[in-house]
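Good morning, colleagues. Today I should like to speak about charged side-chain pairs and cysteines. Please look at the structure as we begin.

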Amino acid sequence: MSADTAHAPHALRVAVVGGGPGGLYAAALLARQGHRVDLWERNAPDDTFGFGVVLSDETLGGIERADTEVHAALAAEFVRWDDVDVVHRGRLLTSGGHGFAALGRRRLLEILHARCARLGVRLRFRAAVPDAFTLAADHDLVVAADGVHSATRQAGAAHFRPTVTPGRCRYIWLAADFAFDAFRFETAETEHGVMQLHAYPYSADSSTVIVEMREEVWAAAGFDLCDADESAARCAKVFGEALRGRPLRGNHSAWTRFHTVVNEHWSHGRVALLGDAAHTAHFSIGSGTKLAVEDALALADAVAAHPDVPAALTAYETARRPAVASTQRAAAASMRWFEELQGYVGQSARQFAFNLLTRSRRVTHDNLRLRDERFTRAVERDFGCPDEHTPPMFTPLTLRGLTLRNRVVVSPMDMYSAQDGVPGDFHLVHLGGRALGGPGLVMTEMVCVSAEGRITPGCTGLYTEEQAAAWRRITGFVHTASPGTALGVQLGHAGRKGSTRLMWEGMDDPLPTGNWPLLAASALPYRPGVSAVPRAATIEDLAAVRSDFAAAAVRAADCGFDLLELHCAHGYLLSGFLSPLTNRRTDAYGGSLENRLRFPLEVFDAVRAVWPEERPMTVRLSAADWAPGGTTPEEAVRIAAAFAARGADAVDVSTGQVVSDEAPEYGRSYQTPYADRIRNALGIPVIAVGAISSWDDVNSLLLAGRADLCALARPHLYDPHWTLHAAAEQSYEGPAAPWPAPYRAGSRPPPTGRG
């Protein structure tokens, strides 16, 4: 036993399945605690796939804390660099201050082999690997680090409940026998489609090179017919300038698709999954080995703190899940970005580079400014920031005859506080207070076009003169008390989601009494067995609804609203026509996408015809239904294009709430990729919405060309002066965020007590 091996009070018999970095490091850490560890690996000690490994300073800090000997050996081998090079249409842009450390994967394994041997780990290479659950019969703990194609995960699928999702790109790991000066991203626009190079140094004379492209590009280019050597030669030709005419070589290299692995549970009994067996993160953020090593650190800590193995495994999973989930969200965003690369290559060089650098949302505008202020300032100038003191969110945007002073929108939020559709004092204070808070545009809640079109009895409307008079009071206040703030109205009809209780009394629950008849594209209830069954709209019904929308638009114009948004999202009436999940009609208004678009476009045309020409009109869409068989991203682009062709000035891109059994993938800015796709596919302004909460995110989305406006809802409930506070926190005092005269004394944060 090694001199630096601790004596565990209750030494465990530990079996490790898999001799990659995560398995080896877990074996070393557990052996260092005094446990008896055996490791099985079916390959030879010097067999490895891939070339270089990138580790973060955070991971290295954990290694140093846990095992200074391994840390010292790694530190002696690392190649370090700060720059990222982005090559866009032949133009090289460099951003500094990023900080990377890498070493060869084979050298990493050698270091870990040596450390395990010194600690007494019994390493079994070229060995038939026993089944993990068989090993559990005579071991206290089994660590399954058997990779992305884990046999353990497959054998225990009923317990681990894995989901394995393939990506849409093919990629191949290669190497070049020289060191790049930086982490290099280069795009090649070929006759077959866009190809992407990812490259970084891992030693003084070697670099990892990954070539990636969409599956259809890969097939069109004939790579599906190439062996590894021919693939390497052809990739070297495509990226000949980056490689300076030098060849590429492989190492067990083959084209493959990235598979995202998620498990509901990481352990069962005495068996624990670790690294790629438990979860994967796309290589474009370089986190596979990082995650595996951090898993090993967490597992060893849990075993040290909990002598009971089941408790230790629970603690291990509890500790690691949040960090892994965060990394997987970032990796998924990065992977999608490269899958949608074709939509970005038309951007200007600097915007493209900024977009690439911030693709995972882990690097943001503010963070990048700290890393490389000169590069970020150049991107800001290209965007239109007049000086270094004006953040992107405080630049103006013009839609028709309306110029918004900044890019912040108070998103529509149903307040359910009206009486007979009439907005009252609450709405005056709610909307007026948000207008005083500095946004460029404040949107009303969904204002219903008829009594039967309400969601709840507390919803506002614009179908009577009494309602219109109450709205004029609100628009008058906003325009007088907060000049420069635009006020927009969102018109909609609840469709099959109507006649329900107030949100806090039971969201989407039918009224106990006083229900009104529901109208929808098809006679399908929103919540089968709970919601009322709507009537499938007749041709006469459709004509009446068109008239209701047009009449409400006339009233809205007379009230003085600056912008009108047509609500075609969230499963309400018009959305119900668009989604194939809710539209089962067999007439001219159902079936094909063109037919499903017919009625929403007719309503749009009727509203646009009476809405003043100089005032902009937007449309809100659900770009995904989050349910099988629903609206696809490609269909969402076609839907947006159809409205743009009819005169929509911008598209407000939301998702979901169309069917009750949806399964959204929530997360930070989780809906923005849909807005991004529509904007870059069609070149039309978009409003991004959905879990955008920080001014840094707003600036990042705008600069990257993913949105033109950002709508925030809950942040404005938490802080009605969100925009003004964002300006103060960024030391912005310009015309795009003026404090109301009575509030100017509070335009700086108040002093706090002494600590």
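Let me start with one residue, arginine 124. With a relative accessibility of 24%, arginine 124 is classed as partly exposed. I should say at once that what you see is a predicted model.

Arginine 124 has a partner. Its side chain makes a salt bridge with aspartate 38, and the closest N and O atoms are 2.9 Å apart. Arginine 124 belongs to strand E8, residues 122–125, whereas aspartate 38 belongs to strand E2, residues 36–41, so this pair ties together parts that lie 86 residues apart in sequence. Aspartate 38 itself is buried, at a relative accessible area of 11%.

As general background, side chains of opposite charge can pair when their charged atoms come close. In this model, the total is 44 salt bridges.

Allow me to turn to a second pair. Which residue does glutamate 339 form a salt bridge with? The partner is arginine 168, with 3.3 Å between the closest N and O atoms. Glutamate 339 sits in helix H12, residues 309–339, and arginine 168 in strand E10, residues 162–176; the salt bridge therefore ties together parts 171 residues apart in sequence. Is glutamate 339 buried or exposed? Glutamate 339 counts as buried, at 7% relative accessibility, while arginine 168 is partly exposed at 30%. These two residues also take part in a network of salt bridges that links Arg168, Glu339, Glu340, Glu634 and Arg677.

The third pair involves loops. Arginine 400 and aspartate 649 meet through their side chains in a salt bridge of 2.8 Å, N to O. Arginine 400 is in the loop between strand E17 (397–399) and strand E18 (402–404), and aspartate 649 is in the loop between helix H22 (633–645) and strand E26 (650–654), so parts 249 residues apart in sequence are tied together. Arginine 400 is partly exposed, with 31% relative accessible area, and aspartate 649 is buried at 15%.

I close with the cysteines. How many disulfides does the structure hold? The number is 0. For cysteine 459, the nearest cysteine sulfur is that of cysteine 448, 4.7 Å away; a disulfide would require the sulfur atoms to be within 2.5 Å, so this pair does not qualify. Cysteine 459 is buried, at 0% relative accessibility. Cysteine 568 is likewise in no disulfide, and its nearest cysteine sulfur, again that of cysteine 448, is 14 Å away. Cysteine 568 counts as buried, at 1% relative accessibility.

Key. Residues numbered from 1 in each chain as written. Predicted model: local features only at pLDDT ≥ 70, side-chain atom pairs only at ≥ 80, totals over all residues. Heavy atoms only, no water. Salt bridge = Lys/Arg side-chain N within 4 Å of Asp/Glu carboxyl O. Helix = DSSP H or I, 4+ residues; strand = E, 2+ residues; numbered from the N terminus. Buried < 20%, exposed > 50% of the residue type's maximum accessible area, 1.4 Å probe, protein only.
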